[in-house]
Amino acid sequence: MWPLEQISRLERAEALDGPAAAIRTRVRKLLSDRRVEDALHGVWLGHPVHPVLVQATLGTLVSASLIDAVGGRRRTSTGLIATGLLLAPPTVATGWTDWSTSNPDQQRVGLVHAATNAVAISCYAGSLVQRARGRSGRLLSLAGAAVSAVGATLGGHLAYHQSLGPNHADRVRDLAPHDWRSLGALTDLPDGTPVRREAGDVPVFVLRRGSEVTALSDSCPHLAAPLSEGEVIGSDGDRRVVCPWHGSEFRLDDGCVVHGPATAAVPRFEARVVDGDVQARIVESAGAPTL
Ligand code: FES
């Protein structure tokens, strides 16, 4: 299919890696305050904020273009463009934040997505300036809608084809066995170091501390990194695992997100030891998404 082939080429366009690395360094510097970064990712919301803001911004701007296209009230379309441009900065900030913790193929597509949207926003800003000078500004408004359609297609590809944003651990509750499954002998588990075990076909993060065992899904909800390769930090009551890929932190007691980029909790397993055999079964309720 034509658009998919073209966008797939973008995914592999290594020429974009240099600019992506330079921009990423700057974005990460701006995100030195973890509370700000978490807020922009949407840890407080339980899913990414960027798509929510995109709906509002794009919906407002494209509505203005539609009014211009059918010769509707200029005052209404001008108000919508001004509103859309006011919504653009937080939308852009959340987009760059999510982008800065994505994989290289996602960053390549994301870079073109951002550049396209920058052109669209410039068209709408130019249209607003023209209106302020007493001219119609319709052509630039229509051009903004056309360019936005390309940006939205790339954004859709990032979200639905490359899966940047969805919860990568959600299906674990459906796929994991709901009865107790053996994870092996307690004495085979190292004390204080997480390991990966299997419950049915589902990988499980297992941490033994003395005779106590903690079990979570081994797939990070952000982009499915193996959490058993992450570092365990904190002390009793506030022990967390740090994802090895982009540094999300999850509380071991309940799998809740402490820091993003992940916005969803890690599915938790109940664990017990029976005659020296460690057993686990999935906890069915989703639980609270964040602290
Ligand atoms: S895969 Fe990105 S934070 Fe875990």
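# Exercises on a predicted chain

Pro261 lies in the loop between strand E8 (257–259) and E9. Helices and strands are DSSP runs numbered from the N terminus, a helix (H or I) having at least four residues and a strand (E) at least two. This is a predicted model, in which local features need pLDDT of at least 70 and side-chain atom pairs count only at pLDDT 80 or more, while totals for chains, interfaces and linings use all residues. Residues are numbered from 1 along each chain as its sequence is written, and side-chain values use heavy atoms, with hydrogens and water left out.

## Exercise 1. The peptide bond before Pro261

State which residue is joined to Pro261 by a cis peptide bond, and give omega.

Solution. Step 1: locate the proline, in the loop between E8 and E9. Step 2: read the bond, which is cis and joins Gly260 to Pro261. Step 3: omega there is about 20 degrees.

## Exercise 2. The chain as a whole

Give the number of helices and strands, the span of the C-alpha trace and the share of buried residues.

Solution. Step 1: the chain contains eight helices and 10 strands. Step 2: the C-alpha trace spans about 80 × 35 × 35 Å along its principal axes. Step 3: of the 291 residues, 44% are buried. Buried means under 20% relative accessible area, exposed means over 50%, and partly exposed lies in between (1.4 Å probe, protein chains only).

## Exercise 3. The open sheet

Write down the strand order of the open sheet, name its edge strands, and then follow the bridges made by strand E10.

Solution. Step 1: six strands, paired antiparallel, form the sheet in the order E1-E10-E9-E4-E3-E2. Two strands count as paired if DSSP finds at least two bridges between them. Step 2: the edge strands are E1 (181–185) and E2 (195–199), each pairing on one side only. Step 3: from one strand to the next the twist averages 35 degrees, using axes fitted to C-alpha atoms and angles from 0 to 180 degrees between N-to-C directions. Step 4: E10 (residues 277–282) is joined to E9 (residues 268–274) by six bridges, among them Phe269 with Ile282 and Val274 with Asp277. Step 5: four bridges join E10 to E1, including the one between Ser182 and Gln279. Step 6: the hairpin of E9 and E10 has two residues between the strands, and Asp275 in this hairpin takes a positive phi near 50 degrees.

## Exercise 4. Helix H7 and the residue after it

Compare the span of H7 with the expected value, list its buried residues, and describe Ser163.

Solution. Step 1: H7 covers residues 138–161, 24 residues in total. Step 2: the expected span is 1.5 Å times one less than the number of residues. Step 3: the distance from the first C-alpha to the last is 34 Å, close to the 34 Å expected. Step 4: the buried residues of H7 are Ser141, Gly144, Ser148, Gly151, Leu154, Gly155, His157 and Leu158. Step 5: Ser163 sits in the loop between H7 and helix H8 (172–175), and its phi is positive, near 55 degrees, although Ser163 is not a glycine. Step 6: Ser163 is partly exposed because its relative accessibility is 24%.

## Exercise 5. Salt bridges

Count the salt bridges, then describe the Asp68 and Arg131 pair and the Glu198 and Arg196 pair.

Solution. Step 1: apply the rule, a side-chain nitrogen of Lys or Arg within 4 Å of a carboxyl oxygen of Asp or Glu. Step 2: the count is 16 salt bridges. Step 3: Asp68 and Arg131 meet at 2.5 Å, N to O. This pair links distant parts of the chain, with Asp68 in helix H4 and Arg131 in helix H6 (residues 104–132), 63 residues apart. Both residues of the pair, Asp68 and Arg131, are buried. Step 4: in the pair of Glu198 and Arg196, the closest N and O atoms are 4.0 Å apart. Glu198 counts as partly exposed because its relative accessibility is 43%, and Arg196 counts as partly exposed at 43%. Step 5: a network of salt bridges links Arg34, Asp238, Arg240 and Glu249.
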